[in-house]
Amino acid sequence: MKKAYCSALSSATRKALKKIKAADIIVGISSFNNAHTINYVVYQAAKALETYFPERKSVIFVSDGGSTDGTLDVVNAIRLPSKAQLVSTTYVGVSGKGSAVKAIFEAAQLLEAEAVALLDSDLRSITPDWVKLLLSPIFAGAGFVAPLYVRHKYDGTITNFLCYPLTSSLYGKEIRQPIGGDFGLSIEFVQTLLESPLWQTPYVPKFGIDIFETHTALAKEFKVKQAFLGTKIHEPKDPSKHLASMFREVVGSMFTCVENYETSWKKVSGFQKVETVGQKKAFGTPEPVSVDLRNIMETYKKGFENYKKFYQTILPQDLFNKVEKLKKAKPEEFSLSSEAWAKIVYSFLVGFKRCKQFEREYVLDALRVLWIGKVGAFVKEALKLDDFEAERKIRQEMETFRKLRNYLIELY
């Protein structure tokens with residue numbers, strides 16, 4: 001039986017939106033304790049709307065998760081440099097970014113907007129051009145616009161070693177930042193997302209929202225583009241210290257999408273680059289991301305012992321031998337090949353599909369330990385590489401996933 005639809009908009013917010021009646025553009029900003037950056041993001045969005053879309057009726061919609069640092073006080077004190085209307089609200093429902101985005105989608109639906117831009121609230125490098133590049137392709141017929149950034153070589157490790165290679169390989173379209181957070185969407189695509197049963201998973205209402213959007217756009221064959229936004233400066237996190245829940249939510253959402261959209265990705269053949277809008281002109285240097293290699297290695301070694309018996313059941317013997325060897329490796333020998341890593345991820349995809357719902361969190365946590373090992377191996381390998389050289393190696397990881405795609409299909 002289909003569960004009842006639960007709105008993320010409060011009745012008071014609905015009343016406020018009904019007074020606005022309609023809008024052409026919604027710029028949605030999900031926030032939680034971002035008082036130090038939210039003013040800048042809202043201001044840049046408003047400036048973009050005034051500069052590039054002056055004839056469009058626009059709403060900037062801040063969807064907050066109950067911030068305790070005065071985020072909404074900052075928002076409500078902003079004087080916009082445009083005619084855009086500013087609406088701020090605390091969303092209703094499960095606490096998480098996905099619920100915040102759902103409220104934005106519902107607002108767009110209620111106002112019958114033509115285009116939606118989603119922006120993260122911790123951005124320190126956003127310019128008005130970002131909003132222009134995310135929205136303009138939507139008005140030209142695209143259904144979904146993903147961001148393309150310049151990032152530090154150690155930033156975006158869930159993206160680099162899981163979301164980017166797996167998503168691009170399965171759907172035959174190279175999407176470099178499938179969980180970038182800053183997206184453009186058509187109202188038709190928004191409606192498709194709102195109708196999805198995957199909101200009932202434990203992942204999509206949280207940090208699983210971004211990969212859910214990207215996989216749905218590809219599986220449902222919406223016209224997809226990328227927008228080159230230049231350097232991304234935000235609040236990065238050390239993979240060995242800060243990303244446990246995010247990993248579980250993002251990868252759980254992605255694996256669930258792979259399962260849900262199996263018919264779509266299995267019929268894909270070939271591979272193509274996605275059209276990118278925006279010029280790759282001069283851009284700033286990404287801020288360095290600090291990672292603690294010693295801590296990464298120790299975290300891997302301790303975590304491996306917790307899941308050792310499980311690894312023996314889910315991995316072929318040769319792969320298990322490789323990850324066990326990594327546990328014993330000296331720093332100079334700490335290495336995990338792209339081929340081994342791709343096969344590990346594909347093995348876990350199959351294990352995730354076959355296990356019971358209540359076991360899935362355990363599967364994801366076990367994979368997270370191996371991912372930390374992969375990140376550590378890359379950090380060691382990339383120590384003397386600049387960001388561009390490191391990017392070439394990350395793309396090689398994706399190419400390996402592509403070459404081994406049939407390995408997954410045979411297992412799945």
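**Around strand 4 of a predicted model**

In strand 7, Phe183 is the bridge partner of Leu118, and this pair of residues is a convenient place to enter the structure, which is a predicted model. The contact belongs to a longer pairing, in which strand 4 and strand 7, the latter made of residues 183-186, lie antiparallel and are joined by four bridges. Strand 4 also pairs with strand 1, but here the two strands run parallel, and six bridges join them. Within that second pairing, Val27 stands opposite Ala117 of strand 4.

Having placed the partners of strand 4, we can ask where its side chains go. In a regular strand, side chains alternate between the two faces of the sheet. In strand 4, Ala115, Ala117 and Leu119 point one way, while Val116, Leu118 and Asp120 point the other way, and all of these residues are buried. Because six of the six residues of strand 4 are buried, the strand is largely enclosed by the rest of the structure.

Strand 4 also helps to border an enclosed space. The structure holds two cavities of 30 Å³ or more, and the second largest cavity contains about 40 Å³ of space. Four elements each supply at least two residues to the lining of this second largest cavity, namely strand 1 (25-31), helix 4 (97-110), strand 4 (115-120) and helix 8 (209-219). Looking at individual residues, the reader can find Gly28, Ile29 and Ser30 in the lining, together with Lys97, Val101 and Ile104, then Leu118, Leu119 and Asp120, and finally Gly181, Asp210 and Glu213. Leu118, the residue paired with Phe183 in strand 7, is thus met again as one of the lining residues of the second largest cavity. Sorted by class, the lining of this cavity has five nonpolar, three polar and four charged residues.

A last topic is the cysteines. A search of the whole structure finds zero disulfides, and two residues may serve as examples. Cys6 takes part in no disulfide, and the nearest cysteine sulfur, which belongs to Cys257, is 20 Å away. With a relative accessible area of 53%, Cys6 counts as exposed. Cys163 is likewise in no disulfide, and the nearest cysteine sulfur to Cys163 is again that of Cys257, at 10 Å. Cys163 is buried, however, since its relative accessible area is 0%. For a sulfur pair to count as a disulfide, the two atoms would have to be within 2.5 Å.

Technical notes
Residues numbered from 1 in each chain as written. Predicted model: local features only at pLDDT ≥ 70, side-chain atom pairs only at ≥ 80, totals over all residues. Heavy atoms only, no water. 1 Å grid on protein atoms, 1.4 Å probe; cavity = no way out; pocket = protein on both sides within 12 Å on 5 of 7 lines; lining within 4 Å. Points joined across faces, edges and corners; volume = space filled by probe spheres on them. Nonpolar A, V, L, I, M, F, W, Y, C, P; charged D, E, K, R; others polar. Buried < 20%, exposed > 50% of the residue type's maximum accessible area, 1.4 Å probe, protein only. Pairing = 2+ DSSP bridges.
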